[in-house]
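Please walk through this structure with me, from its overall confidence to its strands and then to a few single residues. The aim is a careful reading of what the model contains.

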Amino acid sequence: MRARHDGAMYNDGYQGIALGVECAWPAAEVRWLERGAILEMRDAAGTTVTTRDGVVWITEENSRRDVMLRPGQSYRLARSGLALVEAFTDASITFSAA
């Protein structure tokens, strides 16, 4: 048994972490891309792409703007149609819906 900061004792194996609190986000599926791989996304407006490792380039159909993402950076796709995600280096990315 150990004492918490408030002096109460616990023996639950969670070392003082509050129980009964659920995470607000689901576990995201990680997609791995080798350098030079291109992922085509169609009609994915509102989807957020987040780079976990590596560097990716994103371009969207009918957009004048391209985006480079480094680890920890995110971009929300703004347009329907075709979006391309290209790995500039080996990379891992996740997606989340709007």
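The paragraphs below take up confidence first, then the two sheets, and then some loop residues.

This is a predicted model, in which local features need a pLDDT of at least 70 and side-chain atom pairs count only at pLDDT 80 or more, whereas totals for chains, interfaces and linings use all residues. Residues are numbered from 1 along each chain as its sequence is written, and side-chain values use heavy atoms, with hydrogens and water left out.

The term pLDDT stands for the predictor's confidence in each residue, on a scale from 0 to 100. Over the chain it averages 80, and 70% of the residues score at least 70. The mean is lowest in strand S1 (residues 2-3), at 43, and highest in strand S6 (residues 56-60), at 97. Two stretches call for caution: residues 1-15 stay under a pLDDT of 50, although the model has 16 contacts for them beyond four places in sequence, and residues 17-26 also stay under 50, with two contacts beyond four places in sequence. A contact here means heavy atoms within 4.5 Å.

The secondary structure consists of zero helices and ten strands, where helices (H or I, at least four residues) and strands (E, at least two) are DSSP runs numbered from the N terminus. Read from the N terminus on, the elements therefore run β-β-β-β-β-β-β-β-β-β. Among contacts between residues at least 6 apart in sequence, 64% join residues at least 24 apart. Of the 98 residues in the chain, 29% are buried, a word that stands for under 20% relative accessible area, while exposed stands for over 50% and partly exposed for what lies in between, with a 1.4 Å probe and protein chains only. The accessible surface of the chain comes to about 7200 Å², of which 48% belongs to carbon and sulfur atoms; such areas come from the Shrake-Rupley method with a 1.4 Å probe, and for residues only the protein chains shown count as cover.

How are the strands arranged into sheets? One open sheet has four strands in the order S4-S9-S6-S7, with antiparallel pairing; two strands are said to pair if DSSP finds at least two bridges between them. At the edges stand strand S4 (38-42) and strand S7 (66-69), each with a single partner strand, so one side of each is left without a neighbour in the sheet. Neighbouring strands of this sheet are turned by 20° against each other on average, direction ignored, with axes taken as lines fitted to C-alpha atoms, for helices over the stretch in contact, and angles running from 0 to 180 degrees between N-to-C directions. Within this arrangement S6 and S7 run antiparallel and are joined by four bridges, and Thr59 stands opposite Asp66 in S7.

Another open sheet of four strands has the order S3-S10-S5-S8, again with antiparallel pairing. Here S3 and strand S8 (74-76) are at the edges, and each has a single partner strand, so one side of each is left without a neighbour in the sheet. Neighbouring strands of this sheet are turned by 25° against each other on average, direction ignored. Following the order across the sheet, strand S3 (residues 30-33) pairs with strand S10 (residues 91-96) over four bridges in the antiparallel sense, and Val30 stands opposite Thr94 in S10. Strand S5 (residues 48-53) is joined to S10 by five bridges, and the two run antiparallel, with Val49 opposite Phe95 in S10. S5 also pairs with S8 in the antiparallel sense, over three bridges, and there Thr48 stands opposite Arg76 in S8.

The loops hold some details of their own. Most residues other than glycine have a negative phi, and most peptide bonds are trans. Asp43, in the loop between S4 and S5, has a positive phi of about 50° although it is not a glycine, and at 58% relative accessibility Asp43 counts as exposed. Ala44 is found in the loop between S4 and S5 as well, but at 12% relative accessibility Ala44 counts as buried. Ala44 and Arg79 are 35 residues apart in sequence, yet their C-alpha atoms are 7.4 Å apart in space. In the loop between S6 and S7, Asn62 likewise has a positive phi, of about 65°, although it is not a glycine; with a relative accessibility of 67%, Asn62 counts as exposed.
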